[in-house]
Amino acid sequence: LLPLTAFFHSRFERTFARYFTPRHAFWKTFDAAWLGASAAAVRDAALRDISLATFQRVSAQKCAAGKIPVAAVCHRLGAGRQLAVCLRVCDLLGCVVQMADDLVDWPADALRESGRTYVLCEAERRRRPGEDTAGWLLREGLRRIQRRCDGWLDELSGLSEQLGCEPLGVHVQQRRRRLALEVEHMRAVLGALAPLTGPWKRAVNEQRRASARL
């Protein structure tokens, strides 16, 4: 894929070069967001313990390139004073999107050696002795994660009012409903599987003991 990135990057940057001179303030945001998203992806892949602060500072910033077209629109419309608020909107959306992705994909992430996410790290920190990630999610994890996302969505709702941006407010409500549905679906699935986890764990442990004896 590496050769393709050069092609798409040249077309991507050329679009903005039509509207902004080389010294325009837009390019400061362009460089910070474009390089920041790449750096965040590299750092996130190497993290072994992800706190909430690290999640917001690194993991969620993988979406930072979305700030580029937002900044372009602000500058083109002469809304530079609102740029900081709009970039904060991007940061909050990045947190919500990445957290929802980590939640939905946690079984696949748990199987990958490099699949360290905030959800999995938080489960390790908070689960009880003998409790697995699924058990922690069912007991309190889903509620914690939904509450955290709701906090970000509340702030987004306030910013949509500050900006007078009705479509953003509608999007926030859609995100909130979608998250609630995903959490309820996962709670139902984990609840249905909970009675089976005991026999499954015993079978896995027995298989490990047998392999060790060999």
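These legends go with several close-up views of a predicted model.

**View 1. The largest nonpolar core and the helices that build it.** This core holds 34 residues, and the ones with the most contacts inside it are Phe55, Met99, Trp106, Leu137 and Trp152. Four helices each put in at least two residues: H5 (83-104), H7 (118-126), H8 (133-163) and H9 (166-213). H8 gives the largest share, with 10 residues. Look elsewhere in the model and you'll find a second, separate core of 13 residues, with Ile68, Ala72, Cys74 and Leu87 among them.

**View 2. Leu137 and its neighbours.** Here we zoom in on one of the residues with the most contacts inside the largest core. Leaving aside residues up to four places away in sequence, Leu137 touches Leu103, Trp106, Val119, Leu142, Ile145 and Leu190. Trp106, one of those partners, is also on the list of residues with the most contacts in this core.

**View 3. The kink in helix H8.** Follow H8 along its length and you'll meet a kink of about 65°, centred on Glu140. The end-to-end distance is worth a look too: a straight helix of 31 residues would span 45 Å at 1.5 Å a residue, but H8 covers only 40 Å between its end C-alpha atoms. Just past the end of H8 sits Gly164, with a positive phi of about 65°.

**View 4. Asp44 and Lys62, side chain to side chain.** The model has 14 salt bridges in total, and this view shows one of them, with N and O 2.9 Å apart. Asp44 belongs to helix H2 (residues 26-46), while Lys62 is in the loop between helix H3 (52-57) and helix H4 (67-76), so their pairing ties together parts that are 18 residues apart in sequence. Asp44 is buried, at 11% relative accessible area. Lys62, at 30%, is partly exposed.

**View 5. Glu155 bridges H8 to H5.** Glu155 makes a salt bridge with Arg88, and the closest N and O atoms are 3.0 Å apart. This one links distant parts of the chain: Glu155 is in helix H8 and Arg88 in helix H5, 67 residues apart. Both ends are partly exposed, with relative accessible areas of 32% for Glu155 and 33% for Arg88. Not counting residues up to four places away in sequence, Glu155 touches Leu92 as well as Arg88. If you'd like another landmark, try Val172: it sits 17 residues from Glu155 along the chain, and their C-alpha atoms are separated by 9.8 Å.

**View 6. Glu124 with Arg116, plus a salt-bridge network.** Glu124 and Arg116 form a salt bridge whose closest N and O atoms are 2.9 Å apart. The two partners are not equally covered: Glu124 is partly exposed, with a relative accessible area of 42%, whereas Arg116 is buried, at 16%. Also on show is a network in which salt bridges with shared partners join Asp49, Glu122, Arg125 and Arg126.

Note on methods:
Residues numbered from 1 in each chain as written. Predicted model: local features only at pLDDT ≥ 70, side-chain atom pairs only at ≥ 80, totals over all residues. Heavy atoms only, no water. Core = buried A, V, L, I, M, F, W, Y, C linked by side-chain atoms within 4.5 Å. Buried < 20%, exposed > 50% of the residue type's maximum accessible area, 1.4 Å probe, protein only. Contact = heavy atoms within 4.5 Å. Expected span 1.5 Å × (residues − 1). Bend = angle between axes of the 7 residues up to and from the residue. Salt bridge = Lys/Arg side-chain N within 4 Å of Asp/Glu carboxyl O.
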